[in-house]
Amino acid sequence: MVSEMLEEIKRTIMQRLPGRVQVAKVEFEGPEVVIYTKNPEIITENGNLIRDIAKDIRKRIIIRSDRSVLMDPEETIRRIHEIVPEEAKITNISFDDVTCEVIIEARKPGLVIGKYGSTSREIVKNTGWAPKILRTPPISSEIIERIRRTLRKNSKERKKILQQLGNRIHQKPKYENDWARLTAMGGFREVGRSCLYLQTPNSRVLLDCGVNVAGGDDRNSYPYLNVPEFTLDSLDAVIITHAHLDHSGFLPYLYHYGYDGPVYCTAPTRDLMTLLQLDHIDIAHREDEPLPFNVKHVKKSVKHTITLDYGEVTDIAPDIRLTLHNAGHILGSAMAHLHIGDGQHNMVYTGDFKYEQSRLLEPAASRFPRIETLVMESTYGGHEDVQPPRTRAEKELVKTIYSTLKRGGKILIPVFAVGRAQELMIVLEEYIRTGIIDEVPVYIDGMIWEANAIHTARPEYLSKDLRDQIFHMGHNPFISEIFHKVNGMDERREIVEGEPSIILSTSGMLTGGNSLEYFKWLCEDPKNSLVFVGYQAEGSLGRRIQKGWKEIPLKDEEDKMRVYNVKMNIKTIEGFSGHSDRRQLMEYVKRISPKPEKILLCHGDNYKTLDLASSIYRTYRIETKTPLNLETVRIQ
């Protein structure tokens with residue numbers, strides 16, 4: 001059946017292409033149709049034609065050269081340097097013999113692409129190689145380099161994976177699509193271990209696969225993958241909405257136990273979740289609490305990941321099409337729109353989202369082609385969960401920093417590496433640059449620096465204001481001279497003993513990491529301030545300090561238990577959250593277009609989820625459900 005469909009597609013393509021185009025072969029690679037040709041320049045010069053064919057056959061089309069017309073690599077490198085302007089600042093050129101692509105890494109990839117793709121077309125025309133153009137981040141990223149190296153090294157294996165996947169995706173559905181059901185496998189009436197299982201008569205898809213890092217034991221930390229209807233053999237796809245561990249942290253486990261299918265997410269999500277998963281494994285190893293997977297399973301998930309841009313429609317199963325939309329939560333975070341069957345049902349899973357403009361990101365998307373079912377987060381769904389405006393939060397932060405610096409103190413801000421850290425860096429950079437805050441060093445410690453590097457590699461996912469600063473004004477706040485990367489314990493001691501400064505460090509809840517070490521050094525001096533800008537979970541050290549604990553028993557540098565007397569100023573500033581508050585959640589349901597027929601709430605404490613559901617139904621008269629973990633809801 002798959003071969004029949006491919007032959008039909010091939011016939012359509014051959015009829016539509018100019019007669020002089022020499023097509024060597026057409027094949028499925030994952031969700032894409034790949035055309036290998038002996039004169040690719042003719043096709044690339046007819047971009048509109050390819051777009052029209054793709055629209056007609058409702059498939060994504062990639063053009064590649066047949067191996068027989070490829071120029072020698074050394075000569076290709078010379079030609080590329082002749083064609084591409086020097087201002088593009090090419091940093092590396094490598095070749096993928098399997099896909100017949102030349103991989104060009106450059107500081108300014110837009111100049112390698114050229115106006116309307118003119119420069120990249122010249123490369124194809126002159127060398128035969130199809131250019132794959134990547135940005136060289138202004139801050140060197142170890143994670144991005146590792147991912148690119150893994151994909152280059154395993155190109156042959158990845159092509160085989162994609163070909164097998166293509167055959168699976170492009171089968172004709174065996175059964176009529178007359179039902180769809182969702183099973184809550186984690187993250188319902190709780191926060192953490194988000195996992196949702198979609199079943200149709202023809203397909204099985206997992207949406208998110210997270211861990212609860214504060215779960216305490218296996219029973220509360222991991223999704224319910226032992227439900228009888230879930231088997232890895234029948235799973236068609238996994239969709240990861242964003243990189244935070246409560247949504248992506250258990251993904252490597254699937255590969256450890258035999259899953260060999262695809263993962264769909266945005267490119268920043270792939271990069272950031274790899275960073276966070278590797279860090280999670282490292283911390284577990286150091287604390288002698290090993291996880292049920294290791295580094296090789298993270299690597300395996302990278303090899304199986306297919307990255308999508310916002311708005312890109314993709315087949316992920318015989319009867320399901322996926323489109324990702326901006327969620328405004330962290331870099332690359334996405335809402336998943338699933339088109340089931342031939343339009344029989346459409347659902348949107350929001351993941352975590354922010355329905356408000358932030359300095360870092362645009363607000364979450366609220367317009368979709370069709371929606372019957374909306375699955376929405378409810379983290380701040382309680383009626384009391386109203387955050388102050390961002391401008392007020394920034395003023396509070398400036399006031400706290402000003403008063404602390406005036407008395408000669410240091411400001412410690414424990415932050416999560418991905419999301420809040422970058423938002424705060426943008427705020428601090430602007431206020432120091434404009435003289436509102438005195439110019440003092442801002443020290444960046446822990447994983448934050450690597451997360452920053454990934455942000456600088458993906459500027460197209462940032463807010464419009466930030467993109468304008470970077471591309472049109474030539475000003476990138478992440479590489480400002482006020483920020484200093486901390487390298488090692490000796491440097492931390494110098495910072496603590498040195499002049500007044502601002503310190504951003506992980507972990508965000510003082511549950512470990514370098515922020516805890518800074519706290520021990522700084523907490524007994526009343527000149528210093530500790531500023532919380534993120535959620536402090538019940539049971540964490542951060543929450544205890546928020547509650548007013550003044551005597552904290554902790555191990556000192558000699559590993560002996562001692563009591564630290566908290567004399568530093570403690571300040572909690574709300575308004576920097578990456579989640580929508582109660583007001584924004586209600587506004588989102590009001591503004592979303594078209595209106596869903598039913599809403600399922602997830603990712604919220606029991607009381608908050610029920611409170612929000614009740615308000616949605618009373619206000620908008622939309623059927624709203626709050627499933628428990630292990631419950632299944634028929635949505636179609």
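A polar contact is a pair of N or O atoms within 3.5 Å, where, within protein, one atom must be able to donate a hydrogen and the other to accept it, and where residues adjacent in sequence count only if both atoms are side-chain atoms. The structure is a predicted model, in which local features need pLDDT of at least 70 and side-chain atom pairs count only at pLDDT 80 or more, while totals for chains, interfaces and linings use all residues. Residues are numbered from 1 along each chain as its sequence is written, and side-chain values use heavy atoms, with hydrogens and water left out.

Helices (H or I, at least four residues) and strands (E, at least two) are DSSP runs numbered from the N terminus. At the start of helix H21, a side-chain oxygen of Asp581 lies within 3.2 Å of the backbone nitrogen of Arg583. Helix H21 spans residues 582–591, and among its buried residues (under 20% relative accessible area with a 1.4 Å probe, protein chains only; exposed is over 50%, partly exposed in between) are Leu585, Met586 and Val589. The buried residues of H21 pack, through contacts of heavy atoms within 4.5 Å, against strand E15 (334–340), E17, E26 and H22.

Strands E15, E17 and E26 belong to an open sheet of 7 strands with mixed pairing, in the order E13-E14-E15-E16-E17-E26-E27, where two strands pair if DSSP finds at least two bridges between them. The edge strands, each pairing on one side only, are listed below.

| Edge strand | Residues |
|---|---|
| E13 | 314–317 |
| E27 | 623–625 |

Strand E17 (residues 373–377) and strand E26 (residues 598–602) run parallel and are joined by 5 bridges, with Thr373 standing opposite Lys598 in E26. Helix H22 (residues 606–620) packs on the sheet, touching E17, E26 and E27, and its direction makes about 160 degrees with that of E26; such angles run from 0 to 180 degrees between N-to-C directions, and axes are lines fitted to C-alpha atoms, for helices over the stretch in contact.

A nonpolar core is a set of buried Ala, Val, Leu, Ile, Met, Phe, Trp, Tyr and Cys residues joined through side-chain atoms within 4.5 Å. The largest one has 85 residues, of which Leu206, Leu397, Ile413 and Leu504 touch the most other members. Its largest share, 8 residues, comes from helix H15 (residues 420–433). Leu397 touches several residues, including Ile413, Leu424 and Phe576. A second, separate core of 32 residues includes Ala184 and Ile239.

Note on methods. Lists of a residue's contacts leave out its neighbours within four places in sequence.
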